[in-house]
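This report covers the nonpolar cores and strand pairing of one structure. The sequence and the model are shown first.

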Amino acid sequence: MISEKLKKGHLLVAEPSIIGDLSFNRSVILLADHNSDGSIGFIINKPLKYTINDLIPEIDASFKIYNGGPIEQDNLYFIHNIPELITNSIEISNGIYWGGDFELTKDLINEGKIKEDNIRFFLGYTGWDAEQLESEMQSNSWIIAENIYQNKIIGQSTADFWKEKIVELGGDYLIWSNAPENPLLN
């Protein structure tokens with residue numbers, strides 16, 4: 001049964017107990033789709049050492065590339081907040097869109113009409129089979145958070161975003177906000 005609490009556009013904040021999982025430790029995921037067939041999301045707070053120009057030399061920009069998740073990491077995906085410029089995109093929610101005409105997107109970046117706070121590129125994505133995410137929710141792997149930033153999240157979600165979300169949760173989570181990434185190394 002699909003969870004009523006989970007909706008596309010929500011953020012999934014990794015529980016501090018996810019340790020040793022390189023993909024999901026301290027991850028914040030934007031849920032791009034969630035239905036009875038499964039779920040798809042993008043890790044929004046894990047920048048890689050690449051820029052868009054490193055991967056696609058004909059794009060004259062140094063926009064960061066993010067690790068979107070462990071699935072299909074040889075494919076490039078993007079979200080944006082400018083559907084009026086990028087045609088054929090799909091609305092996730094709150095003015096955030098997924099994909100669209102990539103050739104047009106390349107041209108618009110090169111013309112300076114798309115800025116880095118309008119678009120975010122990912123290598124790979126995160127995916128769950130039917131009811132898999134619900135099962136992970138029941139085992140307390142994720143915390144559901146509203147996307148209070150709406151379409152501004154593209155510019156908000158930095159490498160420290162997980163810590164910021166944990167601090168917002170307060171209570172018992174505060175102790176984790178300053179813990180080392182791997183507490184075993186402390």
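In this predicted model, strand 2 is largely enclosed by the rest of the structure, because 6 of its 8 residues are buried, that is, under 20% relative accessible area. Strand 2 spans residues 28-35 and supplies 5 residues to the largest nonpolar core, the largest share from any element. That core has 34 residues, and Leu-12 and Trp-142 have the most contacts inside it. In general, nonpolar side chains in soluble globular proteins tend to be buried together.

**Strand pairing**

Strand 2 pairs with strand 1 and with strand 3. The table lists both pairs.

| Pair | Residues of the partner | Bridges | Direction | Residues standing opposite |
|---|---|---|---|---|
| Strand 1 and strand 2 | strand 1: residues 11-14 | 3 bridges | antiparallel | Leu-12 and Ile-29 |
| Strand 2 and strand 3 | strand 3: residues 38-43 | 6 bridges | antiparallel | Leu-30 and Phe-42 |

Strand 2 and strand 3 also form a hairpin, with 2 residues between them.

**Contacts of Leu-12**

Which residues does Leu-12 touch, not counting those up to four places away in sequence? Among them are Val-28, Ile-29 and Leu-31, together with Ser-27 and Leu-6. Leu-12 also touches Trp-128, Leu-133, Met-137, Trp-142, Ile-143 and Ile-144. Of these contacts, Ile-29 is the residue that stands opposite Leu-12 in strand 2, while Trp-142 is named with Leu-12 for having the most contacts inside the core.

A second, separate core has 15 residues, including Ile-52, Ile-82, Ile-109 and Ile-114.

How values were computed. Residues numbered from 1 in each chain as written. Predicted model: local features only at pLDDT ≥ 70, side-chain atom pairs only at ≥ 80, totals over all residues. Heavy atoms only, no water. Core = buried A, V, L, I, M, F, W, Y, C linked by side-chain atoms within 4.5 Å. Buried < 20%, exposed > 50% of the residue type's maximum accessible area, 1.4 Å probe, protein only. Helix = DSSP H or I, 4+ residues; strand = E, 2+ residues; numbered from the N terminus. Contact = heavy atoms within 4.5 Å. Pairing = 2+ DSSP bridges.
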